[in-house]
Amino acid sequence: MIKVGIVGGTGYTGVELLRLLARHPEVSVEAITSRSEAGLGVSELYPNLRGHYDELRFSEPDPARLAACDAVFFATPHGVAHALAFDLLERGTRVIDLSADFRLRDADEWAAWYGQPHGAPELLEEAVYGLPEVNRERIRQARLIAVPGCYPTAVQLGLLPLLEAGLIDADHVIADCKSGVTGAGRGAKVPSLLAEASESMKAYGASGHRHLPEIRQGLGDAANGPVGLTFVPHLTPMIRGIHATLYGRLQGEPGDLQALFEQRFADEPFVDVMPAGSHPETRSVKGANVCRMAVHRPGDGDTVVVLSVIDNLVKGASGQAVHNLNLMFGLDEFAGLDAPAMMP
Ligand SMILES: NC(=O)C1=CN([C@@H]2O[C@H](COP(=O)(O)OP(=O)(O)OC[C@H]3O[C@@H](n4cnc5c(N)ncnc54)[C@H](OP(=O)(O)O)[C@@H]3O)[C@@H](O)[C@H]2O)C=CC1
Ligand SMILES: CC(=O)N[C@@H](CCC(=O)OP(=O)(O)O)C(=O)O
């Protein structure tokens with residue numbers, strides 16, 4: 001069994017890791033941290049896990065206990081993995097970070113967007129951006145994974161085929177995205193209150209969201225040059241889910257876009273290109289490690305519209321983190337990730 005630890009076990013991505021790993025045949029969760037709930041049994045806080053982790057208790061982060069694991073997931077706010085990753089790697093423990101700490105290659109750009117100095121710039125060169133559809137082979141060899149953000153996963157997957165093939169004007173790409181409230185984490189915040197978030201919808205971060213540089217970095221790699229991206233996130237009254245509506249201006253005659261998308265993801269177990277004319281729903285990916293997408297060309301005009309949906313907590317975070325673990329340890333890519341979505 002592969003021994004894993006989770007730092008930040010009480011948050012939404014932490015409990016989602018536990019839910020997925022409960023079905024994983026080759027992983028045992030040996031340590032789970034929470035400063036606020038130290039001492040509490042995992043299934044006392046999360047009764048959905050009763051019968052799965054009855055011996056496991058939250059504890060204060062203890063570097064020695066974490067270093068005894070083969071891999072440690074960080075399901076923590078940014079800055080926490082900066083502080084602990086180096087020691088874990090030195091002691092032979094692999095690190096899979098769900099936060100943004102190692103996603104941007106440029107430490108100065110990270111500092112500008114996250115409002116604090118980068119805490120571990122010496123690790124940036126070896127960190128691998130954990131989007132398996134782009135970096136599968138590098139992930140297999142990696143010691144340190146930066147799991148992509150939720151919006152960046154939905155947006156990059158939907159635009160990759162078009163940018164890699166040079167079919168759209170890279171200077172003008174639009175990502176109009178909607179997220180459920182779990183995207184904001186479990187901590188109490190006024191915008192996440194029922195009376196604030198339900199029966200209403202709003203954009204936020206329209207003039208600059210911290211996922212913008214992350215998405216631009218990934219799309220720039222795909223396009224082999226800079227990408228002019230407008231990214232506007234919205235908060236919607238859903239619990240889980242991201243819906244990305246992506247717009248690009250076609251250059252020249254693009255050929256069969258449906259075939260392009262199907263071919264690009266033909267070997268990808270966690271991307272589902274839906275039949276032409278489809279409109280993927282967020283509920284069709286709820287709880288599942290999958291990105292469903294559909295490509296449209298309204299009126300056969302010069303605009304292509306891609307619809308891309310994920311569960312922010314699964315393909316947008318914990319499921320993708322488990323996929324990375326499976327690749328790093330040479331396991332079946334589906335291990336722990338074979339459950340279909342729940343509908344309704
Ligand atoms: N929610 C989502 O949809 C997604 C989230 N992410 C990223 O994953 C990370 C976790 O997100 P989420 O689960 O939503 O966050 P939550 O706010 O729900 O949970 C955060 C967890 O981190 C722990 N924590 C907080 N501060 C520290 C600290 N200084 N040291 C150690 N542990 C700490 C908390 O427990 P305690 O305070 O008790 O120690 C808690 O368990 C974030 O970086 C987020 O950006 C990525 C993709 C999607
Ligand atoms: C609805 C909401 O607030 N979403 C969060 C993004 C989700 C998240 O946790 O960010 P990472 O994917 O970078 O970890 C936000 O806009 O900051």
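Reader: What makes β3 and β6 the edge strands of the open sheet?

Author: In this predicted model, the open sheet has 7 strands in the order β3-β2-β1-β4-β5-β7-β6, with parallel pairing. The strands β3 (58–59) and β6 (128–129) each pair on one side only, and they are the edge strands.

Reader: How do you know that β5 and β7 are paired?

Author: Two strands pair if there are at least two bridges between them. Strand β5 (residues 94–97) is joined to strand β7 (residues 144–146) by 3 bridges, and the two run parallel; therefore they count as a pair under that cut-off. One of the residues involved is V95, whose bridge partner in β7 is L144.

Reader: Which helix lies across β4, β5 and β7, and at what angle does it run to β5?

Author: That is helix α11 (residues 314–328), which runs at about 155 degrees to β5 and lies across β4 (71–74), β5 and β7. Helix α11 also supplies at least two residues of the shell around ligand 1, as does α1 (12–21).

Reader: Which element gives the largest share of that shell, and which residues come nearest to ligand 1?

Author: The largest share comes from α1, with 3 residues. Of the 31 residues around ligand 1, those that come nearest are G8, G11, S99, G185 and R186.

Reader: Why is C150 called buried?

Author: The cut-off for a buried residue is 20 or more other C-beta atoms within 10 Å. C150 has 30 other C-beta atoms within that distance, so it is buried. Its place is in helix α7 (residues 150–164), and an unreviewed UniProt entry annotates C150 as "active site". Leaving aside residues up to four places away in sequence, C150 touches S179, G183, I242, N312, G316 and A317.

Reader: What makes A64 exposed rather than buried?

Author: A residue is exposed if 12 or fewer other C-beta atoms lie within 10 Å. A64 has 9 of them, and it is therefore exposed. A64 is placed in helix α3 (residues 63–67). Its C-alpha atom is separated by 8.9 Å from that of L88, 24 residues apart along the chain.

Reader: What is unusual to note about phi at E199 and D300, and are these residues buried or exposed?

Author: Phi of E199 is near 50 degrees, and phi of D300 is near 55 degrees. Each is a positive value in a residue other than glycine. E199 is found in the loop between α8 (194–197) and β9 (202–203), and with 8 C-beta neighbours inside 10 Å it counts as exposed. D300 is in the loop between β13 (291–296) and β14 (303–310); it has 5 other C-beta atoms within 10 Å, so it too is exposed.

Reader: Why is the peptide bond from M343 to P344 called cis?

Author: The omega of this bond is near 0 degrees, and the bond is cis. P344 lies in the segment after α11.

Reader: How do you know that the protein chain is as compact as a globular protein of its length?

Author: The chain contains 11 helices and 14 strands. Its radius of gyration is 20 Å, close to the 20 Å that the globule rule gives for 344 residues, so the chain is as compact as a globular protein of that length. Buried residues make up 47% of the 344 residues. Among contacts with a separation of 6 or more, 71% are between residues 24 or more positions apart.

Key:
Residues are numbered from 1 along each chain as its sequence is written. Chains are lettered from A and ligands numbered from 1 in the order in which they are written. This is a predicted model: local features need pLDDT of at least 70, side-chain atom pairs count only at pLDDT 80 or more; totals for chains, interfaces and linings use all residues. Helices (H or I, at least four residues) and strands (E, at least two) are DSSP runs, numbered from the N terminus. The radius of gyration is taken over C-alpha atoms; the globule rule is 2.2 Å times the number of residues to the power 0.38. Two residues are in contact if their C-beta atoms, placed from the backbone, lie within 7 Å. UniProt positions are given in the numbering used here, feature names are shortened, and annotations may be inferred rather than shown by experiment. Axes are lines fitted to C-alpha atoms, for helices over the stretch in contact, and angles run from 0 to 180 degrees between N-to-C directions. A residue is near a molecule or strand if its C-beta atom, placed from the backbone, lies within 6 Å of it.
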